[in-house]
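The following exercises concern charged side chains and their exposure to solvent. Please consult the sequence and the model while working through each solution.

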Amino acid sequence: MEQEQDLFQVSLSTTSSSAAPQPGRRPICENCTRPNPVCICHKLPAQPIEITTQIIILHHPHEAQHKLSTTPILTKCLTNTTALVGRRLRRGNSPLLDQSPPSAIYLFPSTQTSPAVNLSQLRDKDTPKVLIVFDATWKHAKEMVSASEGYLGKFAKRVCLDFDENEIGGSIYDSDLILRKEPFGGCVSTMEAVARTLRVLEPNGPEIEAGLIGVLREMVRLQASFLKPMKPRPKLLKKQKKKKVENECGS
């Protein structure tokens, strides 16, 4: 069993990139900290978008090394966004969370043992001021949530996006750009989950969502030119073919 790593706060927006690259390593953009061929700076806002929601992202150590991780981009796009690297949340990790903010939510799908309120069902009076997100593979994210619930359950509400477990997961696209498969419909990247949530929480939510999704689309488009897209599952192809036939018959 891996020894638990101490969680620490990081400023991803100031990740060191000025050091000379190692031999054989691609040059890294000093601003977006991505390799120059997939630099995303032209899509980033000139200044981080002002939001009233405080966002805490727990970033799994393995995911922090993944080339498609969206957490570093989120910290570039939004104010009030803090990334923590670790495997669980507990007292001492975040001064903000240690205050037990009564209006906090953590975003994760519902289960039989841990039900969640749909984001669309939140009432205006319950509009949270603190959003907690877990960034990892779904296997690791489940472990992180389970390890953190004893702490979060004292003050935060579990909230999920509207989803359907009968739907096959893919990406935000109805196209071939499926670079990372999700287990079922409603499971999306961290950046898209934050974008959808801010659409509901922020006064100018639709504009914020559109901006973040625009950055995400460009990030995936650039990455797709260097990675071989993952083939959709056979079940998904069969479902798409059936839907196409139904549409043709109905027209």
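**Salt bridges in a predicted model**

At 43% relative accessibility, Arg-199 counts as partly exposed. The model is predicted, and six salt bridges are counted in it.

**Exercise 1.** Determine which residue forms a salt bridge with Arg-199, and state where the two partners lie.

*Solution.*
1. The partner of Arg-199 is Glu-209, with the closest N and O atoms 2.7 Å apart.
2. Arg-199 belongs to helix α4 (residues 190–201) and Glu-209 to helix α5 (residues 205–224), so the pair, 10 residues apart, links distant parts of the chain.
3. Glu-209 has 16% relative accessibility; buried means under 20%, so Glu-209 counts as buried.

**Exercise 2.** Find the separation along helix α5 between Glu-218 and Arg-221, and classify each as buried, partly exposed or exposed.

*Solution.*
1. The two side chains meet in a salt bridge at 2.8 Å, N to O.
2. Glu-218 and Arg-221 are three residues apart in helix α5, which means a separation of about one helical turn.
3. Glu-218 is buried, its relative accessible area being 10%, whereas Arg-221 is partly exposed at 46%.

**Exercise 3.** Verify that Asp-98 and Arg-91 satisfy the distance rule for a salt bridge, then classify the exposure of each.

*Solution.*
1. The rule requires a nitrogen–oxygen distance within 4 Å.
2. The closest N and O atoms of Asp-98 and Arg-91 are 3.9 Å apart, so the pair forms a salt bridge.
3. Asp-98, with a relative accessible area of 23%, is partly exposed.
4. Arg-91 has 55% relative accessibility; because exposed means over 50%, Arg-91 counts as exposed.

Note on methods
Residues numbered from 1 in each chain as written. Predicted model: local features only at pLDDT ≥ 70, side-chain atom pairs only at ≥ 80, totals over all residues. Heavy atoms only, no water. Buried < 20%, exposed > 50% of the residue type's maximum accessible area, 1.4 Å probe, protein only. Helix = DSSP H or I, 4+ residues; strand = E, 2+ residues; numbered from the N terminus.
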